[in-house]
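Work through these exercises with the sequence and the 3D view side by side. Try each task before reading its solution.

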Amino acid sequence: MLGSERRVVITGLGLVTPLGDSPDRVWTSLSQGHGMVRSLEAFRVAGLPNDVGAEIRDFDLMKHYALPKYRNALRKSRKYMARDI
């Protein structure tokens, strides 16, 4: 494959950030000056030196993003994944 020419086509842009999950939502959040660093809710922070972060809330991969043919495989693999991975 060395020296071969490969072409890539970018067909879209996808974002999953604390500011939003689409280019329009992220741009709106940025242009309005919204900050996303706030108290963490996903896990206990008692005893840690800091209790704030920029976590993604209200995100459901299975509902909005996963293609129907991959949903069963993703559902099974989520059993073995920790949220912080």
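A residue counts as buried when its relative accessible area is under 20%, as exposed when over 50%, and as partly exposed in between. By that rule, buried residues make up 12% of the 85 residues in this protein. Keep in mind that the model is predicted.

**Exercise 1. Lay out the fold.**
Find the helices and strands, and give their order from the N terminus.

Solution.
- Step 1: Count the elements. The protein has three helices and two strands.
- Step 2: Read them from the N terminus. The order is α-β-β-α-α.
- Step 3: Place some of them. Helix α1 covers 23-31 and strand β1 covers 38-39. Strand β2 covers 52-53, and helix α2 covers 61-64.
- Step 4: Look at the contacts with a separation of 6 or more. Of these, 18% join residues 24 or more positions apart.
- Step 5: Turn to the surface. About 7,800 Å² is exposed, and carbon and sulfur atoms supply 55% of that area.

**Exercise 2. Track down the salt bridge.**
Which residue forms a salt bridge with R7, and how far apart are the closest N and O atoms?

Solution.
- Step 1: Recall the principle. Side chains of opposite charge can pair when their charged atoms come close.
- Step 2: Search the structure. It holds one salt bridge.
- Step 3: Name the partners. R7 pairs with E5, and their closest N and O atoms are 3.7 Å apart.
- Step 4: Check the distance. The cut-off for a salt bridge is 4 Å, so the 3.7 Å between R7 and E5 qualifies.
- Step 5: Check the surroundings. R7 and E5 are both exposed.

**Exercise 3. Compare two loop neighbours.**
Classify E55 as buried or exposed, then classify I56.

Solution.
- Step 1: Locate E55. It sits in the loop between β2 and α2. I56 is found in that loop too.
- Step 2: Apply the cut-off to E55. Its relative accessibility is 11%, so E55 is buried.
- Step 3: Apply it to I56. At 29%, I56 is partly exposed.
- Step 4: Follow the side chain of E55. One of its polar atoms lies 2.8 Å from the backbone nitrogen of E41. A polar atom of the E55 side chain also lies 3.2 Å from the backbone nitrogen of A42.
- Step 5: Return to I56. Its C-alpha is 9.2 Å from that of A42, a residue 14 positions away in the chain.

**Exercise 4. Explore helix α1 and the segment before it.**
Which backbone oxygen does the side chain of S29 reach?

Solution.
- Step 1: Find S29 in helix α1. Its relative accessibility is 9%, so S29 is buried.
- Step 2: Trace its side chain. The side chain of S29 reaches the backbone oxygen of L19 at 2.9 Å.
- Step 3: List its contacts beyond four places in sequence. They are L19 and H34.
- Step 4: Move to L15, in the segment before α1. L15 is partly exposed at 24%.
- Step 5: Look past four places again. The contacts of L15 are G20, D21, S22, P23 and V26. The C-alpha atoms of L15 and V26 are 8.2 Å apart.

**Exercise 5. Examine V37.**
Which residues does V37 contact, beyond its neighbours within four places in sequence?

Solution.
- Step 1: Locate V37 in the loop between α1 and β1.
- Step 2: Classify it. Its relative accessible area is 63%, so V37 is exposed.
- Step 3: Name the contacts. They are V52, G53 and A54.

Terms used
Residues are numbered from 1 along each chain as its sequence is written. This is a predicted model: local features need pLDDT of at least 70, side-chain atom pairs count only at pLDDT 80 or more; totals for chains, interfaces and linings use all residues. Side-chain values use heavy atoms; hydrogens and water are left out. Helices (H or I, at least four residues) and strands (E, at least two) are DSSP runs, numbered from the N terminus. Buried means under 20% relative accessible area, exposed over 50%, partly exposed in between (1.4 Å probe, protein chains only). Contact means heavy atoms within 4.5 Å. Accessible areas come from the Shrake-Rupley method with a 1.4 Å probe; for residues, only the protein chains shown count as cover. A salt bridge is a side-chain nitrogen of Lys or Arg within 4 Å of a carboxyl oxygen of Asp or Glu. A polar contact is a pair of N or O atoms within 3.5 Å; within protein, one must be able to donate a hydrogen and the other to accept it, and residues adjacent in sequence count only if both atoms are side-chain atoms.
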